[in-house]
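The following exercises invite the reader to examine a structure step by step. Each task is followed by a worked solution.

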Amino acid sequence: MNSNDHNAKDDSAAILTGAGVGHGSAILPDRPGLVAEYWQGAQEKKLLLQRCCRCSNCWHPLSDVCGACQSFDVEWFPSTGTGSLYSYTVVHHAVHPIVQGWVPYTLCLIELDEGPRILSTLEPESGQEPAIGTRAHLEFRSIHSGFQLPVFRLLPNRKDNP
C-alpha cells in the first residue's frame, strides 16, 4: 500500500489521548471482524478463543480457518482464564511513546489450560518474582473509559507438576 492509499479507518487500533493507564493515552482496537468479536468478549470480561467444530483444535491468535484441518467451521468459546507462565520478559524501554508510562512492565506468554499460548502483560506482585511454570489466572484491567484489557496475575507459589 502506498502512503496515498492510507486511511485512518483501516488502522487496527485507535489512539486515544487524555486517559489511560496513568500516562495520558491508550491504544484501543478499532477494526471489524474477528478482532471486534474478540474485544467485545473482553469488554464482557471473557477471554474468547476459537475452536474447530470438525477436529476440536483450539487456537489463539485469531484465524478464519483451523490450522490443523483447514476447516472454516469455527466457533468461539470462553477460556477458563487459567494457565501457566510459559515465558516472560521485563520491558525497560518504551518501544512507543504511548507506553512510556508503563515501563517497566512484564510482557508474558501464558500457556492456557485449553492449549493455546497468549501474549499479555503480567500484573505486578510485590515480592513475587515470575518463575516459568507458575500458575496464572486471567484478570481484566480497565485502561480507558472502562475499556477492558485482559491481563494475568500469578497465583502464589504454584507451579505445574512436570
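A residue counts as buried when its relative accessible area is under 20%, as exposed when that area is over 50%, and as partly exposed in between. The model examined here is predicted.

**Exercise 1. Classify Glu123 as buried or exposed, and describe its salt bridge.**

Step 1. The relative accessible area of Glu123 is 13%. The cut-off for a buried residue is under 20%, so Glu123 is buried.

Step 2. The side chain of Glu123 forms a salt bridge with that of Arg141, with a distance of 2.3 Å from N to O.

Step 3. This pair connects distant parts of the chain: Glu123 belongs to the loop between E8 and E9, Arg141 belongs to strand E9, and the two are 18 residues apart.

Step 4. Through shared partners, salt bridges unite Glu123, Glu139, Arg141 and Arg153 in one network.

**Exercise 2. Determine how the salt bridge of Arg135 and Asp113 is placed in the chain, and how accessible each partner is.**

Step 1. The side chains of Arg135 and Asp113 meet at 2.8 Å, N to O.

Step 2. Arg135 lies in strand E9 (residues 134–144), while Asp113 lies in the loop between strand E7 (105–112) and strand E8 (117–122). The partners are 22 residues apart, and the pair links distant parts of the chain.

Step 3. Arg135 has a relative accessibility of 13% and is therefore counted as buried. Asp113, at 42%, is partly exposed.

**Exercise 3. Find how many salt bridges the whole structure holds, and assess the accessibility of the pair Lys46 and Glu44.**

Step 1. A search of the whole structure gives seven salt bridges.

Step 2. One salt bridge joins the side chains of Lys46 and Glu44, at 3.6 Å from N to O.

Step 3. The relative accessible area is 38% for Lys46, which is partly exposed. Glu44 is likewise partly exposed, with a value of 44%.

**Exercise 4. Establish the order of the open sheet of three strands and state which strands stand at its edges.**

Step 1. The strands follow the order E4-E3-E5, and their pairing is antiparallel.

Step 2. Strand E4 (58–59) and strand E5 (74–78) each have a single partner strand, so one side of each is left without a neighbour in the sheet. These two strands therefore stand at the edges.

Step 3. Five bridges connect E3 and E5 in the antiparallel sense. Gln50 is found opposite Trp76 in E5.

Step 4. Helix H1 (residues 34–43) lies across E3 and E5, and runs at about 125° to E3.

**Exercise 5. Identify how strand E6 pairs with E7 and with E9.**

Step 1. E6 and E7 run antiparallel and are joined by eight bridges. Val90 stands opposite Thr106 in E7.

Step 2. Strand E6 (residues 82–91) also pairs with E9, in the antiparallel sense, over three bridges. Gly83 has Ala136 in E9 as its bridge partner.

**Exercise 6. State which elements have the lowest and the highest mean pLDDT.**

Step 1. For the protein, the average pLDDT is 82, and 78% of the residues score at least 70.

Step 2. Among the elements, strand E1 (residues 13–17) has the lowest mean pLDDT, 44, whereas strand E3 (residues 48–52) has the highest, 97.

Step 3. The pLDDT is below 50 over residues 1–24. In the model this stretch has 42 contacts beyond near neighbours in sequence.

How values were computed:
Residues are numbered from 1 along each chain as its sequence is written. This is a predicted model: local features need pLDDT of at least 70, side-chain atom pairs count only at pLDDT 80 or more; totals for chains, interfaces and linings use all residues. Side-chain values use heavy atoms; hydrogens and water are left out. A salt bridge is a side-chain nitrogen of Lys or Arg within 4 Å of a carboxyl oxygen of Asp or Glu. Buried means under 20% relative accessible area, exposed over 50%, partly exposed in between (1.4 Å probe, protein chains only). Helices (H or I, at least four residues) and strands (E, at least two) are DSSP runs, numbered from the N terminus. pLDDT is the predictor's confidence in each residue, from 0 to 100. Contact means heavy atoms within 4.5 Å. Two strands pair if DSSP finds at least two bridges between them. Axes are lines fitted to C-alpha atoms, for helices over the stretch in contact, and angles run from 0 to 180 degrees between N-to-C directions.
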